[in-house]
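Good morning, everyone, and thank you for making time for this. I would like to walk through one model with you, going from the chain as a whole to a few individual side chains.

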Amino acid sequence: MQGLRIYENDETLAFMDIAKDVDGHILVIPKKHCKNILDCDADTLSAVAQTVKTVSNHLADHCGYDGINLLNASDESAGQSVPHFHIHIIPRKRDDGIDAWPKFEGAKEDIQAVFDKVRVNTVTIDGDDATWNRNIEERNKRIEEGNGGSDFYVDEGLLNKLLSMFEIPEKAEMDVWYELNR
């Protein structure tokens, strides 16, 4: 049973899981060590995601499977038992009887409170950060000064990078700047 490699490239490896719990159970790992998704660099994560997609498409297009479940546990608190980042691919067929969705007991906190705690404050584009302003006083001050009032502020340099990425014409640039900063 040694070496049941499904797919391999320079950065990743996909192989059969020997657990014998579900037919077609596959693991995808990066060749570069990272404990889990929380310490995985963007290039390694991207390589793993591309391999997961390649293998998943192969299973659906050529092996008679209808769908795919992807499973990952990052950190012991989430149930991670192997200290190397990996994603499980569970190929699925209609009415296969597999229940791969966890049974949740129900949320315990107010959704708005959780939202306020978990939303991302910074967006990074091409190495630069645009800050998502939560501070109402700062927002109101910008309105009073005539510097806009949106909850999302993008500095001009970052805006120019965004606009050039999408080749937006000059007239539209002013409209976008106005909408982002009013």
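I will begin with the overall make-up, then turn to the sheet, then to two loop residues, and finish with the charged pairs.

Please keep in mind throughout that this is a predicted model, and that every value I quote is computed from it. The secondary structure of the chain amounts to five helices and seven strands, and if you follow the sequence from its start, these elements come in the pattern β-β-β-α-β-β-α-β-β-α-α-α. The chain has 182 residues, of which 27% count as buried. Its exposed area is about 12800 Å², with carbon and sulfur atoms supplying 53% of that figure. As for how the chain meets itself, if we take the contacts with a separation of 6 or more, 47% of them are between residues 24 or more positions apart.

Now to the sheet, where I would ask you to find the strands in the order in which they lie rather than the order in which they are numbered. Five strands form an open sheet in the order β1-β2-β3-β5-β4, and the pairing is antiparallel. Which strands stand at the edges? They are β1 and β4, the latter covering 67-71, and because each has a single partner strand, one side of each is left without a neighbour in the sheet. Averaged over the sheet, and with direction ignored, neighbouring strands are turned by 20° against each other. Against this sheet packs α1, which touches β1, β2, β3, β4 and β5, and whose direction makes about 155° with that of β3.

Let me take the pairings one at a time. Strand β1, residues 5-8, pairs with strand β2, residues 12-16, in the antiparallel sense over three bridges, and these two strands form a hairpin with three residues between them. Within that pairing, E8 has L13 of β2 as its bridge partner. The next step across the sheet is from β2 to β3, again antiparallel, with five bridges, and here L13 appears once more, standing opposite I29 in β3. At the other end of the order, β4 pairs with β5, residues 87-92, in the antiparallel sense over five bridges, and one of the bridge partners there is P91 in β5, which is matched with I68.

I would like to stay for a moment with the loops on either side of β3. In the loop between β2 and β3 we find H25, and one may ask whether this residue is buried or exposed. Because its relative accessibility is 5%, H25 counts as buried. Leaving aside neighbours within four places in sequence, H25 is in contact with F15, M16, D17, H88, I89, I90 and P91, the last of these being the residue I mentioned as the bridge partner of I68.

On the other side, K32 lies in the loop between β3, at 26-30, and α1, at 42-62. Not counting residues up to four places away in sequence, K32 touches E11, D41, T44 and H84. With D41 there is a polar contact between the side chains, at 2.7 Å, while for T44, 12 residues apart from K32 along the chain, the separation of the C-alpha atoms is 7.4 Å.

That brings me to the charged pairs. Side chains of opposite charge can pair when their charged atoms come close. The structure holds seven salt bridges, and I will pick out some of them. R5, E8 and K31 are linked in a network of salt bridges, and E8 is also the residue whose bridge partner in β2 is L13.

Further along, D96 forms a salt bridge with R92, with 2.8 Å between the closest N and O atoms. The two residues fall into separate classes of accessibility: R92, at 17%, counts as buried, whereas D96, at 28%, counts as partly exposed. The side chains of K103 and D99 also meet in a salt bridge, at 2.3 Å from N to O, and here both K103 and D99 are exposed. Finally, K117 forms a salt bridge with E109, the closest N and O atoms being 3.7 Å apart, and K117, at 56% relative accessibility, counts as exposed.

Thank you, and I am happy to go back to any part of the model.

Definitions and conventions
Residues are numbered from 1 along each chain as its sequence is written. This is a predicted model: local features need pLDDT of at least 70, side-chain atom pairs count only at pLDDT 80 or more; totals for chains, interfaces and linings use all residues. Side-chain values use heavy atoms; hydrogens and water are left out. Helices (H or I, at least four residues) and strands (E, at least two) are DSSP runs, numbered from the N terminus. Contact means heavy atoms within 4.5 Å. A polar contact is a pair of N or O atoms within 3.5 Å; within protein, one must be able to donate a hydrogen and the other to accept it, and residues adjacent in sequence count only if both atoms are side-chain atoms. Two strands pair if DSSP finds at least two bridges between them. Axes are lines fitted to C-alpha atoms, for helices over the stretch in contact, and angles run from 0 to 180 degrees between N-to-C directions. Buried means under 20% relative accessible area, exposed over 50%, partly exposed in between (1.4 Å probe, protein chains only). Accessible areas come from the Shrake-Rupley method with a 1.4 Å probe; for residues, only the protein chains shown count as cover. A salt bridge is a side-chain nitrogen of Lys or Arg within 4 Å of a carboxyl oxygen of Asp or Glu.
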